[in-house]
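Student: I should like to learn how to read the features of a protein model. Could we go through one together?

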Amino acid sequence: MSWCFNKTLFIKIPCVVEKNSQMIEIFYKTIPFFALIGLGYSAAITRFFSAEATVYLTKFVFYFALSAMLFRFSSDLSLSELYDPEFIFAYLSASLIIYFLATSVAIFRKKVPSEAAVEAQCSVIGNVGFLGIPMLAILLGPESVGFIMIILAIDLIVFGSLIVLIIVASKDKKLDIFLFYRVLLGLIKNPMIVSIICGLLWSASGWSIPGPINDFIVMLGSAATPGALFAIGASLAQKSTERFEVAAWLSFCKLVLHPFAVCIAVFYIFEVELYAATVMIAAASLPVAGNIFMVAQHYNVAPKRASAAIFLSTVLSIFTVSFTIAWVSNLN
């Protein structure tokens, strides 16, 4: 057994005790985030917060509060800080492996390509925007936001486009130039992408944000964390579920296999700086993103399956995300 010197008690104690203590400390730090999700769920399940109210709260967070937060963070970054080929390829390759694994399992179960695409999306796309940025920025430090933005961009641009292309091609049996145009237009209209680009352009200009405007952005962005977490919980209460076995499999892919694949990529295949690697692993451990349900519902492709995966993975992530963040915190 290895021993560690405790500076507070001035004695030697087993290292495992300090590690367990740190894990418990991280778990305590994550409790407020999941408590806000639970509060939103309770408000919606008791009908104190209506479905219509949830829709408008989500719109407020998505179009205003979260956009302000992303603009504020990205305005302090430069494009060179976000362009890290090793980081990009590590995350992309690890995600694609799990994506193809989930697709293969779905096809083996004789699901059509469109349903397989929804399941594959659930296996790799985490709730980076609504949960990851607010929580990881606090738990891992503001330096993590730049790396989280890279992951968010990959999820939106690569996998967000891929699911639409596969679903439409599966239904129409063809791909045309207008479909690519609609996908591109959807990306351009996404407020998260727009706010990141605007922030980077402002950063490149070299101008400082005037005091009153900066205070306005900070105030609006501060509403993103509680608003997003409450909206996640409220939306979970309004989702219907399907077979537990499939939800459990997809949750396992997202909460366990995805961060494990990322670990292999960052530590054994690509040269990713240690802190960036820990942020990527933590982001990969996040539960299934809620916007997958919106896509599945819009195209009427396995919406209940996506809903079940979102719900179950979010509940389980109370423990898995806390464990992962505690583990990566020990690496730095």
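Tutor: Certainly. This is a predicted model, and we may begin with its cysteines. The sulfur of Cys122 lies 9.9 Å from the closest cysteine sulfur, that of Cys253, which is too far for a bond.

Student: How many disulfides does the structure hold?

Tutor: A disulfide is a covalent bond between the sulfur atoms of two cysteines. The structure holds zero disulfides. For Cys122 and Cys253 the reason is the distance: a disulfide requires sulfur atoms within 2.5 Å, and the sulfur of Cys122 has its closest cysteine partner at 9.9 Å.

Student: Is Cys122 buried or exposed?

Tutor: Cys122 has a relative accessible area of 0%, so this residue is buried. Cys198, at 36% relative accessibility, counts as partly exposed.

Student: How does one read the pockets, and what is the volume of the largest pocket?

Tutor: Rolling a probe the size of a water molecule over the atoms shows where empty space is left. Here the largest pocket has a volume of about 1,700 Å³. It is lined by 49 residues, and the closest to its centre are Phe62, Asn291, Ile292, Met294 and Val295. Several elements give two or more residues to this lining, including helix 2 (51-74), helix 7 (144-172) and helix 14 (291-299). By class, the lining has 28 nonpolar, 16 polar and five charged residues.

Student: Which residues lie nearest the centre of the second largest pocket?

Tutor: They are Leu82, Met149, Ile150, Ala153 and Ile157, from a lining of 15 residues. The volume of this second largest pocket is about 320 Å³. Helix 7 gives the most to its lining, with six residues. The lining divides into 15 nonpolar, no polar and no charged residues.

Student: How should I read aromatic pairs, and how many are there?

Tutor: A pair of aromatic rings is described by the distance of the centres and the angle of the planes. The count comes to eleven aromatic pairs. The rings of Phe49 and Phe230 have centres 5.0 Å apart and planes at 75 degrees, so this pair is edge-to-face. Phe49 lies in the loop between helix 1 (15-45) and helix 2, and Phe230 in helix 11, so the pair ties together parts 181 residues apart in sequence. Phe230 counts as buried, at 15% relative accessibility.

Student: What kind of pair do Phe60 and Phe64 form?

Tutor: Their ring centres are 6.3 Å apart and their planes at 25 degrees, so the pair is stacked. Both residues lie in helix 2, four residues apart, about one turn of the helix. Phe60 is partly exposed at 32%, and Phe64 is partly exposed at 49%.

Notes
Residues are numbered from 1 along each chain as its sequence is written. This is a predicted model: local features need pLDDT of at least 70, side-chain atom pairs count only at pLDDT 80 or more; totals for chains, interfaces and linings use all residues. Side-chain values use heavy atoms; hydrogens and water are left out. Buried means under 20% relative accessible area, exposed over 50%, partly exposed in between (1.4 Å probe, protein chains only). On a 1 Å grid over the protein atoms alone, a cavity is a set of points where a 1.4 Å probe fits but cannot get out, and a pocket is an open set with protein on both sides within 12 Å along at least five of seven lines; lining residues have an atom within 4 Å of a point. Grid points are joined across faces, edges and corners, and a volume is the space filled by probe spheres set on the points. Ala, Val, Leu, Ile, Met, Phe, Trp, Tyr, Cys and Pro count as nonpolar, Asp, Glu, Lys and Arg as charged, and the others, Gly among them, as polar. Rings of Phe, Tyr and Trp (its six-membered ring) pair if their centres lie within 6.5 Å; planes under 30 degrees apart count as stacked, over 60 as edge-to-face and the rest as tilted.
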